[in-house]
Every structure is written in structure tokens, then in C-alpha cells.
Amino acid sequence: MPTRIPKPEDFTHLEPSLKISLVFPEVPETTTSILILFHGLGDSEASFARFAKNINLPGVLAISVRGISPLPPAMLGLPGSDAGQPTTHFHWGDDLTLSPDTGDLDSDPGFSKAEELVLGKLIRETLVGTCGWETDDILLFGFGQGGSLALGLASRLRNSERVTDVTEGDREPGVAFKGAVSIGGPLPSSMIPTSSVRGKARTSVLVCHGRNSESVDDDALELLRREFADVRNTKWMKADDGMPANRQEMLPIMQFFAERLRAW
């Protein structure tokens with residue numbers, strides 16, 4: 001099927017719970033790759049649409065996706081929304097559960113609904129099925145819980161691998177994304193295929209985190225290396241896992257994007 005540039009009307013069939021914001025290159029006809037962005041816990045698609053505009057990757061259509069369920073402001077320590085005001089805080093999990101160890105929101109609440117909507121409807125049905133793109137034309141980027149979703153989707157893509165005769169250097173469509181970046185989000189155990197004979201996921205991944213990260217620790221990195229063939233790790237000098245705040249922190253992400261956009 002010939003590849004064509006997605007149009008806004010291609011996404012009108014998506015469920016109301018999967019709201020997106022499209023950021024086209026200055027010349028839409030130059031689109032050669034797609035970047036899908038997943039915000040963090042309690043945010044919305046608007047902030048990551050602005051982020052996509054700011055980094056302005058050449059020839060890349062950015063799709064910022066809103067979390068599938070609203071998050072009560074009280075769970076973030078924020079005042080409640082006024083009656084009739086739109087909710088601006090969302091999350092990606094199947095449920096809102098508290099960790100018995102910390103009392104905080106569980107970092108792995110299950111992502112089956114997000115997988116169904118994002119991987120099933122947005123990527124496979126629309127971008128691949130309707131518009132003719134391959135998964136290896138698509139980059140994933142996420143922060144916090146959204147970063148965990150990005151890694152999880154790259155992990156789950158192994159379920160669709162086909163056994164084919166592929167020579168070294170050739171593309172095998174459908175078995176990997178072009179790349180995935182997670183800022184402060186670990187790979188959720190719930191999104192690791194259960195087959196004992198599974199191979200490593202072929203998507204190249206970059207994980208960025210602060211030097212005192214509680215989410216991306218040695219155990220989380222070891223799990224990633226067990227499940228992915230190509231794992232890059234960037235530990236920032238700052239203590240926390242916040243979004244990059246300067247050029248130095250952003251540099252490894254832009255270098256990864258540049259490398260992956262040159263691939264194939």
C-alpha cells in the first residue's frame with residue numbers, strides 16, 4: 001500500500017477517549033517519519049504538542065496524545081475543577097491504584113486500554129492500515145507514566161513478529177518502532193510478553209533520568225537490557241526526572257532522534 005501523509009480527517013473515527021493534537025512540518029508534504037508523544041501523569045496533550053513544535057524535527061509529523069482517563073485534581077494535590085470546566089489532568093493506566101509499599105500511585109496500573117487504543121487503533125488501524133506507514137517509520141516519546149507506555153508499546157510489538165527470511169541490513173516491517181525515548185519512566189512488567197521463548201524487542205530505546213531517580217534505578221535498567229536488544233542510558237546531573245531544562249540535557253535526546261531518523 002502506498003504511503004500517504006495523514007490528514008486530520010483520518011483520525012475522526014478514533015474513540016472520544018483518544019484525543020490527539022497534530023503538529024505538521026512547515027511543509028507537510030516533506031513528512032517522512034512520525035513522532036508520537038505521551039505526556040506524564042496528570043498532564044494533557046497540549047503541553048507535548050508545544051514541545052513538538054519547539055524541537056521542530058525536520059520532516060516529522062508529531063502526534064501528541066492525551067491520556068485515556070481523567071485524573072481527579074485532588075490526587076495531584078490541586079484544587080478541584082469548577083463545575084462545567086474541562087478536565088486538564090489525565091493518566092494512561094487501566095485503574096488508579098496505590099502502591100502498598102509507598103502509598104503513592106502505582107507505577108504499573110496496567111496499560112491494556114492504552115495499548116488497545118494507541119497501538120491498535122491509532123498506529124495499526126490508522127497510521128499503518130489507512131495511511132500505509134510501517135511501525136519502523138514511527139518514533140515514540142514519553143515522560144514519566146507516558147515514558148513507561150512508550151517502552152511498553154515497544155515491548156508489546158514483539159507479539160506481532162513474523163518469521164521471514166531477512167538479510168542483514170534489510171527492513172522487516174512491523175516488528176520494531178524507529179525508536180523510543182522515555183524520560184523517567186521504567187518498563188512496566190505488565191507490558192512484557194509472557195512467552196518464555198520471547199526474543200528481545202528490536203526497537204532502539206533511550207532512557208533519560210536524574211542521578212537520584214527512584215523510578216529508573218539499576219533494577220529497572222537491568223530489566224530493560226533483558227527485554228531490549230539496544231538500550232541507551234543517559235543519567236543527568238540533576239537529581240530528579242523532570243523534563244530536560246537546558247541544551248545539555250536535551251542534547252542526547254536530539255542526537256538519538258537524529259540517528260534514528262537517518263536509519264533506513
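I began from the rule that two strands pair if DSSP finds at least two bridges between them, and with that in mind I looked up strand 3 in this predicted model.

**Strand 3 and its partners.** I find that strand 2, residues 33–38, pairs with strand 3 in the parallel sense over 6 bridges, and that Phe38 stands opposite Val65 of strand 3. Strand 1, residues 20–23, pairs with strand 3 in the antiparallel sense over 4 bridges, with Ile63 in strand 3 as the bridge partner of Leu22.

**Cover of strand 3.** Which residues point each way from strand 3? I noted Val60, Ala62 and Ser64 on one side and Leu61, Ile63 and Val65 on the other, all of them buried. That agrees with the count for residues 60–65, where 6 of 6 residues are buried.

**The whole chain.** I read 5 helices and 9 strands, which follow one another along the sequence as β-β-α-β-β-β-α-β-α-β-β-α-β-α. Of the 264 residues in the chain, 50% are buried, and the chain exposes about 12,800 Å², of which carbon and sulfur atoms supply 49%. I also looked at contacts between residues at least 6 apart in sequence, and 78% of these join residues at least 24 apart.

**Cavity search.** How many cavities of 30 Å³ or more does a search of the whole structure find? I recorded 1, and its volume is about 40 Å³. Its lining is formed by Leu41, Asp95, Leu96, Thr97, Leu105, Asp106, Pro109 and Gln145, which I sorted into 4 nonpolar, 2 polar and 2 charged residues.

Methods: Residues numbered from 1 in each chain as written. Predicted model: local features only at pLDDT ≥ 70, side-chain atom pairs only at ≥ 80, totals over all residues. Heavy atoms only, no water. 1 Å grid on protein atoms, 1.4 Å probe; cavity = no way out; pocket = protein on both sides within 12 Å on 5 of 7 lines; lining within 4 Å. Points joined across faces, edges and corners; volume = space filled by probe spheres on them. Nonpolar A, V, L, I, M, F, W, Y, C, P; charged D, E, K, R; others polar. Helix = DSSP H or I, 4+ residues; strand = E, 2+ residues; numbered from the N terminus. Buried < 20%, exposed > 50% of the residue type's maximum accessible area, 1.4 Å probe, protein only. Contact = heavy atoms within 4.5 Å. Areas by Shrake-Rupley, 256 points an atom, 1.4 Å probe, with all protein chains shown as cover.
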